[in-house]
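Visitor: Please take me through the ligand site in close detail. I would like to know what surrounds the ligand and how the neighbouring part of the chain is built.

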Amino acid sequence: TTFDGLYKIDKTTAQCTFSPPRIDDQVVQAVSDALRSGWITTGPRTKEFERKLAAYCGVPRVIALNSWTNACELVLRWYGIGPGDEVIVPSYTYCASANIVLHVGARPVLVDVADDFTMDLEALRRAITPRAKCIIPVDIGGLPAAQDAVMRIAEEQRGIFTARGDVQAQLGRALVLSDAAHSFGATLLGRKVGAQADITGFSFHAVKNLTTAEGGALAFNLPAPFDADALYALFNTMSLHGQSKDALAKTKPGAWRYDVEFPGWKCNMTDLQAAIGLVELDRYDADTLVRRKAICERYHAAFSGDPRFLVPTLRDDLRESSYHLYMLRLTAASEPQRDAVIEAIAQRAVSVNVHFQPLPLLTAYKRLGYRIEDHPNAYRHYAREISLPVYYDLSDAQVDTVVEAVRASVAEVLGA
Ligand SMILES: *Cc1c(COP(=O)(O)O)cnc(C)c1O
């Protein structure tokens, strides 16, 4: 099938795929238990997963939903963002970060990125207008963007912000919605990601660090007088058609009557997904992150100090990555040369990837008038980037195979 390259692991050879999920007996047992419990939609496991996620992130409330995309689109709708509004997004990201802006009828204002692939703060400052209703910094590869600085820039907008509706008036500035699809478990300023931006969106898609097959979550961290419990209840209702009672609340005998308060959406998480998430979360810090970090450190040891390569930032004084992607760059390659290197690596039966094609290179965004010429850093990073496999079951021997495949392919294509 077309997904073989992404998901199948062949443990009998040194060859490796890119990012298969960690599905072992513990996960299979947990899902099986959930199935046999008789409760398969949103229920006790989802609620437990949410409580544990909130405790992990150090925030008062988390809601688990069916994807980052639907969760974050609900945030834009909640904040009343629509036609005439602007939302600032880095050009170097997965399309979801900006697609949600188009879904609500607002305009994505794309800004270029800095050397570490995160949003360029000066470019962000220049992009702020009275119509900017939201800023979506992206923790690319798992390295946290400077959320604290982004929050300060949002604060600076206060004087010129034009609020529409009560919610916007209450906050009085652009909402900071962090795209932490890659960075669950990363730290910034000594705290887990989730505790910095107003609202943080996580993805639990199959290829992400922590998976529920498909899934996502929102961590609420808004300043007073916003109330996290009230927000949780509202988003719960928004994710269930605006229905005043969820399935769990309706199980009480005789409690059949409900109302629909507004025409809401449908994007709740199921207990089958949460069952996977609970296993994943339980072993995340002590096991998953430890292994991912060891893999990235092994790549680092191999490529640091070799002038042909530019290694990614994994941590600095302010932050530590969740080690989601190992985004290697070739120092001197053009885009066609990088493509040829990837072809040569594939010939050696090793799967690599490119994260990401900047949005202005994609047809949908070209049609809207975005030009890659306005994003020189994004293009320069993309043209030289190769993401190496990082996943729990990748062995040290396989990491060494990847390293050798990359070195040999670079020598073959670029000489030296
Ligand atoms: C995966 C991803 C998303 C979307 O997550 P879903 O859960 O699949 O909706 C958003 N942003 C980035 C940067 C991603 O990599």
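Guide: What follows goes from the ligand outward to the helix beside it, and then to some backbone details elsewhere. The model is predicted.

The ligand sits in the largest pocket. Two elements give two or more residues each to the shell around the ligand: helix 4 (68–78) and helix 5 (96–103). The shell has 16 residues, and Thr69, Asp179, His182, Ser203 and Lys208 come nearest to the ligand. By class, 6 of the shell residues are nonpolar, 8 are polar and 2 are charged.

Three polar pairs can be listed with their distances. In the side chain of threonine 69, an N or O atom is 2.5 Å from an oxygen atom of the ligand. A polar backbone atom of tryptophan 68 is 2.9 Å from an oxygen atom of the ligand. On aspartate 179, a polar side-chain atom lies 2.8 Å from a ligand nitrogen atom. On its own the ligand has 380 Å² of accessible area, and the protein covers 92% of that.

Helix 4 deserves a separate description. Of its 11 residues, 8 are buried, so helix 4 is largely enclosed by the rest of the structure. The buried residues are Trp68, Ala71, Cys72, Glu73, Leu74, Val75, Leu76 and Trp78. At the start of helix 4, the backbone nitrogen of threonine 69 has a side-chain oxygen of serine 67 within 3.3 Å. After helix 4 comes glycine 80, with a positive phi near 75 degrees.

Histidine 375 lies in the loop between helix 13 (363–367) and helix 14 (376–384). Its relative accessibility is 5%, so histidine 375 counts as buried. The side chains of histidine 375 and serine 91 are joined by a polar contact of 3.0 Å.

Some loops have backbone geometry worth checking against a general expectation. Most residues other than glycine have a negative phi, and most peptide bonds are trans. The peptide bond from alanine 224 to proline 225 is cis, with omega near 10 degrees; proline 225 is in the loop between strand 9 (216–220) and helix 9 (228–238). Histidine 355 and phenylalanine 356 are also joined by a cis peptide bond, with omega about -5 degrees. Phenylalanine 356 belongs to the loop between helix 12 (335–347) and helix 13, and alanine 349 is placed in the loop between helix 12 and helix 13. Alanine 349 has a positive phi near 65 degrees and, at 30% relative accessibility, counts as partly exposed.

Methods:
Residues are numbered from 1 along each chain as its sequence is written. This is a predicted model: local features need pLDDT of at least 70, side-chain atom pairs count only at pLDDT 80 or more; totals for chains, interfaces and linings use all residues. Side-chain values use heavy atoms; hydrogens and water are left out. A residue is near a molecule or strand if one of its heavy atoms lies within 4 Å of it. A polar contact is a pair of N or O atoms within 3.5 Å; within protein, one must be able to donate a hydrogen and the other to accept it, and residues adjacent in sequence count only if both atoms are side-chain atoms. Accessible areas come from the Shrake-Rupley method with a 1.4 Å probe; for residues, only the protein chains shown count as cover. On a 1 Å grid over the protein atoms alone, a cavity is a set of points where a 1.4 Å probe fits but cannot get out, and a pocket is an open set with protein on both sides within 12 Å along at least five of seven lines; lining residues have an atom within 4 Å of a point. A molecule sits in a cavity or pocket if more than half of its atoms lie within 2 Å of its grid points. Helices (H or I, at least four residues) and strands (E, at least two) are DSSP runs, numbered from the N terminus. Ala, Val, Leu, Ile, Met, Phe, Trp, Tyr, Cys and Pro count as nonpolar, Asp, Glu, Lys and Arg as charged, and the others, Gly among them, as polar. Buried means under 20% relative accessible area, exposed over 50%, partly exposed in between (1.4 Å probe, protein chains only).
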